[in-house]
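Colleague: I have not seen this structure before. Please take one part of it and go through that part closely, with whatever surroundings are needed to place it.

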Amino acid sequence: MTAAISAQSLHRTFGETVALNNLTFSVPEASILAVVGPDGAGKTTLLRILAGILNADSGTVQISGDDYSHIFESKKADIGYMPQRFGLYEDLTVQENIDFFADLFSVKGEQRRTRVQRLLQFSRMDPFTDRLAGKLSGGMKQKLGLACALIHNPKILLLDEPTNGVDPVSRREFWRLLYDLNRDGTTIVISSSYMDEAERASRFLLLHKGNIITEGEPAQIRANFHQAVYELTPEDARVAKEKLNSDSPFLSISLFGKSLHIAANREMQLERVTEAISSKGVSVESLREIIPSFEDIYIGLSQEH
Amino acid sequence: MNANRIWAIARKETLQILRDHRSLILAFLLPITLIFLFGYAITLDIRQIPAVVVDYSNSTHSRELIRKFTNSGYFVEIERTADQDRATELVDRSKAKVAIVIPVDFANQLTTGTAEIQLLTDGSDANTTQSVVGYASLIIAEYNSASIARQSGGRLSLSPVTLETRFWFNPDLDSQNFLVPGLISLIMTILGSLLISLTIAREWERGTMELLISTPIKPLELAVGKVIPYYIIGIVDLFLAAYVGIVIFEVPFHGSLWLLFLFSSLFLMAVLANGYLISVVAKSQQLAFQLSMLTSFLPGFLLSGFLFPISSMPVPIQIVSYVIPGRYFIEVLRSLFLKGSGLELLYLQGVALLFFAVVFSLLATRKFRKTIQ
Amino acid sequence: MPELAVDVTNLRRDFGKFTAVNNITFQVNRGEIFGFLGPNGAGKSTTIRMLCGLLKPSSGSGTVAGFDIMKESEKIKSRIGYMSQKFSLYQTLTVEENLNFYAGVYLMDSNLHAEKKRTYFAETVLGQLRDSLVADLPAGTRQLLALFCAIQHEPEIIFLDEPTAGVDPLSRRYFWEQINKLSDHGVTIFVTTHYLDEAEECNRIGMIFNGTLSAIGEPDELKRTRFTGRIYKFDSRDPWESADHLRGRADIDDVVLFGSELHVTLKPNANFDKITAAISAVDPTAQNITAIDPTLEDLFIALINEGQR
């Protein structure tokens, strides 16, 4: 199977800063890739290069096996892009925005009518066609953005932090839409700073300062993660964290609500972990090993870099 | 080039203009305001000039001459005195703009044909002085011919050679006839460059450009689509301004409407392409606004010959004026309105305007990058 | 200092015909971290602005830091710190210049301010960035600076309106550590967020929907008392098919996909055995059907659905 996107040695600098450092990765067809990383990791730069609106200094991108750089413009019809900032016209209505993008992509006739209808229903925007885009709520704006990015039936959908500042309900609904698209064969690349969104994707790419820290399917990444993570729910998690932090034999101790997640080397046996914790005067009663969440993996891997 | 995409851009742009009250006001209210402002309030014609009269002659002839002055409408007698110092004082204190002094032997001098009168004006007000001298010489010339005819008792048909000034194409020296064509050029400059210069910058500022350049739109399609609505506004404004000028201010129009349309289109292309170029370069509305004021509005106002005759500018500035499209357009408009010139006399200006339109358009489309820098 | 940092009764705000906040009554204790949650447009920002004295309530009464919100808004402003959703920092000033500016606005003692800056610069990345322009900072760092600008004058209460939107997980953790420290020192924190995992860190939370306060209490307590359904998860080879089938059932409230995992929320009266049978029927590959604890997000969504019915 050819990869939907395949990037070789993508490199991009802005002045002195290396935004992307020789990235090589590929996205299989009909998969959902989550690109996750802190601010300035290069997420937006990467998506912009894939969308063809920013040039890489060196390296190549192939879309469905064709070298992107030579057929730059013609490939744009295969790609739907949703920038991080709301890219639609706030002084146009929902319908006018959709029509504009339909015209731009030369979607005509019967095909256009059915597709617009389907997208409006699919995004549940049909009651709001006459509303100005600027008057929509955050979640609705994102759904409209998605509808406009889909008007030309792209094979690949690039979404740059689409759920930022969107409330949990709208976020869930948005993901449901993404799953529906993915089911029909659309390849989706989504950048996010929500770790739980990374868990919803079928592949995961962790960026840190322009480098790929880890990439692959979630199960694979979990299996390769060489830290063991323990959960501890003491009386007062923050006091316990302070105690454990001094002269700690652990890789990291992070607060998750009222619990602590304690990461340790795999080699360190449960016995020694228990010992180390009780020696600091913290009760080990609630201690248990857990399957590391992506947030744990993220914390673990980004601290190594 | 894909007509669908051009249409998409043009339609979107039109909707945005219609929804943006600021643009609408700028597009239609500003031209009307400007034309009435210049037509009524700022007139270059000076009438009712306050005059103090010192008539030492006090003869029928002198009284007749004074009557000629006051009946002309250009002068108003505010005081008559026999004291020249008093007259000088009035002029010094700007109570009067001119003192008309008629010598004692005026009547005698008239018979010998060497009559002289003295006009005292305030030279610091150069405009008025010029008008005073101009009007006065007209009045005197008329007086001369009338008195010669009378003296000969009507028998002498051959009058002595007198200076006869005739102002071609604007016989009444009406400044509106002169201003309105220039004003049309100015209005189209403001609208063309200002409105369009904001559009691309606005898309960058609002973040809509990032999405737009991710589509298969071509730079030329974007440019053409964006220009169309502003071109239409420009042409509507042209005919609006021309209509107000012709009907309300009674500016004569001797030329052909088709030529007016043709040359206005050429000029609009040049101005819009210039505005579009600014817009592409600027990336922020504030900068675009400043740049368009600097590069099109100010030169269009000051160096195009709109108010200040180019021939009386210093040579270096005259040279600069050659790269200002407004210069050519104003020449064309004045010719069309007042002379009714045809294409055979205006084609050079046409070529110049076409040249600007092409150069600016090329620069703008070449400068536009479909990538984020 | 009063024991209640915020104490409002029947607070209401109309914008024309639209009621943004509809007679809400609640208290926030001193030193507590209070999370204020709700969908976009539910009235969170309007409430915060009223509490900060930036917006006059249409009706209602109450106190913030012991001062009357209707009459003493200027006194309130001097006791609180406010970090708005939209950036209040000056992009063209440096990190330190921004701190200095806000110190000036709040008439801070210069020795105290110097000490604050020393601490901030020593403890955080801002130390290396003190002469950088704000425009050049990454979003997470900016938010941290905005937080410091809001708290350096040692306010009794700080209001944070979506302080971590768009901030990456590590910066968010650091941010919350700072908030916890402030709370330890007796500062009251009133915070809104869309990240419900953050809300778990709050002592108490309030949920506002359509301008009405639907729930208030400790996160665990609310999950226990207000979440009436049960949630089960299982792995599936064909999660979409299964989801489609299960969504139609009357005894199922919601089905959410997480990659290859399905989260199924049962209605309160649903029979678990019937459901497992149904799951096995539609999806023979279903594995490990296990009960999971509801998260705040689950509760949030359940309360919204409840409100819509």
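Modeller: What follows looks at chain B, then at its neighbours.

This is a predicted model, in which local features need pLDDT of at least 70 and side-chain atom pairs count only at pLDDT 80 or more, while totals for chains, interfaces and linings use all residues. Residues are numbered from 1 along each chain as its sequence is written, and chains are lettered from A and ligands numbered from 1 in the order in which they are written. The model scores ipTM 0.79 and pTM 0.79.

Chain B has 14 helices and four strands; helices (H or I, at least four residues) and strands (E, at least two) are DSSP runs, numbered from the N terminus. The chain is divided into domain 1 (3-42 + 174-372) and domain 2 (49-151), with bounds that come from an automatic or database domain assignment. The C-alpha centres of domain 1 of chain B and domain 2 of chain B lie 47 Å apart.

Confidence is given as pLDDT, the predictor's confidence in each residue, from 0 to 100. Chain B averages 82, and 89% of the residues score at least 70. Among the elements of chain B, helix 10 (residues 257-282) has the highest mean pLDDT, 91, and helix 6 (residues 126-151) the lowest, 74. Over residues 154-168 of chain B the pLDDT is below 50, and this stretch has 14 contacts in the model beyond near neighbours in sequence. Two residues are in contact if their C-beta atoms, placed from the backbone, lie within 7 Å. Among contacts in chain B between residues at least 6 apart in sequence, 78% join residues at least 24 apart.

Next comes the interior. Of the 373 residues of chain B, 40% count as buried. A residue is buried if 20 or more other C-beta atoms lie within 10 Å of its own, exposed if 12 or fewer, and partly exposed in between, with C-beta atoms placed from the backbone. A nonpolar core is a set of buried Ala, Val, Leu, Ile, Met, Phe, Trp, Tyr and Cys residues joined through C-beta atoms within 7 Å. The largest such core has 146 residues, of which A:Ala34, A:Leu158, A:Val189, B:Ala270, B:Leu272 and B:Leu353 touch the most other members. Helix 7 (residues 175-206) of chain B gives the largest share of this core, 16 residues. Leaving aside neighbours within four places in sequence, B:Leu353 is in contact with B:Phe263, B:Leu266, B:Phe267, B:Ala270, B:Pro325, B:Tyr328 and B:Phe329.

The surroundings come last. Where chain B meets chain A, the contact takes 22 residues from chain B and 24 residues from chain A. On the side of chain A that touches chain B, the elements giving two or more residues are helix 1 (43-51) and helix 3 (94-104) of chain A. Helix 3 of chain A gives the most, with four residues. By class, that side of chain A has 13 nonpolar, four polar and seven charged residues; Ala, Val, Leu, Ile, Met, Phe, Trp, Tyr, Cys and Pro count as nonpolar, Asp, Glu, Lys and Arg as charged, and the others, Gly among them, as polar.

Chain B and chain C do not touch, and their nearest C-alpha atoms are 15 Å apart. Of the two pairs of chains in contact, chains A and C share the most contacts. Chain C has a mean pLDDT of 87, with 98% of its residues reaching 70 or more.
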